[in-house]
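Student: Hi! Could we go through this model together? I'd like to start with what counts as a contact.

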Amino acid sequence: MAKERTLSIIKPDGVKKGVIGACLAAFEAKGLKIVATKMLHLSRPQAEAFYAVHRERPFYKSLVEFMTTGPVVVSVLEGDDAIAKNREIMGATNPANAAEGTLRKLYASGIEENTVHGSDAPETAATEISFFFAASELQSYERVKK
Ligand code: ATP
Ligand code: MG
């Protein structure tokens, strides 16, 4: 298993639902290490740029709108197979299809307001991490037993 880094976003609905702690706790409980985290409110140009890959999709405008409705929490998660592991913790895009116990099953309101984002491949993870964080903002530490 390769050690990877992935970008997580707790979306505006997750922040407003008060599940920042629950989401971060789920990542840590499943062995993902939080090596950077911060809260910010995306501007429209930032949201448009972050989701540029979805520019031609019918939901793009609405998604950009939603992502600017309130603050988000962006984090870099590190661990073995972090990209796939994070997507497993999040569950399917549409909460109606998400497995029991996943963050989207537990907290998402619908396919758009689905609480969390996670990178989908090593290349997108690298691009998305550098979208929000300078290399010097990523920390290094060892997890120890509680
Ligand atoms: P994310 O990229 O946020 O981790 P994902 O990879 O599961 O989610 P994508 O297909 O990349 O899903 O879509 C990006 C985001 O766009 C989704 O998380 C959701 O917020 C929104 N979205 C996706 N499909 C739809 C849709 N059919 N209608 C409305 N919004 C959608
Ligand atoms: Mg995606």
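Tutor: Happy to! A contact here means heavy atoms within 4.5 Å. Keep in mind that this is a predicted model.

Student: Good. So which residues does S8 touch, leaving out those up to four places away in sequence?

Tutor: With those neighbours left out, the contacts of S8 are F27, V73, V74, S75, L77, N86 and H117.

Student: And where does S8 sit, and is S8 buried or exposed?

Tutor: S8 belongs to strand β1, which covers residues 3-10. The relative accessible area of S8 is 0%, and under 20% counts as buried, so S8 is buried.

Student: Let's zoom out. How many helices and strands does the protein chain have?

Tutor: There are seven helices and four strands. Their order along the sequence is β-α-α-β-α-α-β-α-α-β-α.

Student: How does the radius of gyration compare with the globule rule?

Tutor: The radius of gyration is 14 Å, and the globule rule gives 15 Å for 146 residues, so the protein chain is as compact as a globular protein of that length. If you want box dimensions, the C-alpha trace spans about 45 × 35 × 25 Å along its principal axes.

Student: What share of the residues is buried?

Tutor: Buried residues are 45% of the 146 in the protein chain. As for the outside, the accessible surface is about 7800 Å², and carbon and sulfur atoms hold 54% of that.

Student: What about contacts between residues 24 or more positions apart?

Tutor: Such pairs account for 77% of the contacts with a separation of 6 or more.

Student: Switching to electrostatics: how far apart are the mean positions of the positive and negative charges?

Tutor: They are 3 Å apart, taken over 19 positive and 18 negative charges.

Student: Now rings. How many aromatic pairs are there?

Tutor: The count is four aromatic pairs. One of them is F50 with Y51, an edge-to-face pair with 5.0 Å centre to centre and 90° between the planes. Both F50 and Y51 are buried.

Student: And what is the geometry of F131 and F132?

Tutor: That pair is edge-to-face too, with 4.9 Å from centre to centre and 70° between the planes. F131 is partly exposed at a relative accessible area of 32%, whereas F132 is buried at 7%.

Student: Which residues do the ring pairs link into a cluster?

Tutor: F50, Y51, F131 and F132 are linked into a cluster by ring pairs.

Student: Next, where is P95?

Tutor: P95 lies in the loop between α5 (82-90) and α6 (103-107). P95 has a relative accessible area of 10%, and the limit for buried is under 20%, so P95 is buried although it is in a loop.

Student: What does P95 touch, again without residues up to four places away in sequence?

Tutor: P95 touches R104, K105, A108, S109, G110 and I111. By contrast, the C-alpha atoms of P95 and F133 are separated by 29 Å, and these residues are 38 apart along the chain.

Student: Last one: which strand holds M39, and what does M39 touch?

Tutor: M39 is in strand β2, residues 33-40. Beyond four places in sequence, M39 touches V15, I20, P71, V72 and V73. V73 is also among the contacts of S8. From M39 to E112, the C-alpha distance is 20 Å, with their positions 73 residues apart in sequence.

Key. Residues are numbered from 1 along each chain as its sequence is written. Chains are lettered from A and ligands numbered from 1 in the order in which they are written. This is a predicted model: local features need pLDDT of at least 70, side-chain atom pairs count only at pLDDT 80 or more; totals for chains, interfaces and linings use all residues. Side-chain values use heavy atoms; hydrogens and water are left out. Helices (H or I, at least four residues) and strands (E, at least two) are DSSP runs, numbered from the N terminus. The radius of gyration is taken over C-alpha atoms; the globule rule is 2.2 Å times the number of residues to the power 0.38. Buried means under 20% relative accessible area, exposed over 50%, partly exposed in between (1.4 Å probe, protein chains only). Accessible areas come from the Shrake-Rupley method with a 1.4 Å probe; for residues, only the protein chains shown count as cover. Lys and Arg count as positive and Asp and Glu as negative; His and the chain ends are not counted. The place of a charge is taken as NZ of Lys, CZ of Arg, CG of Asp or CD of Glu. Rings of Phe, Tyr and Trp (its six-membered ring) pair if their centres lie within 6.5 Å; planes under 30 degrees apart count as stacked, over 60 as edge-to-face and the rest as tilted.
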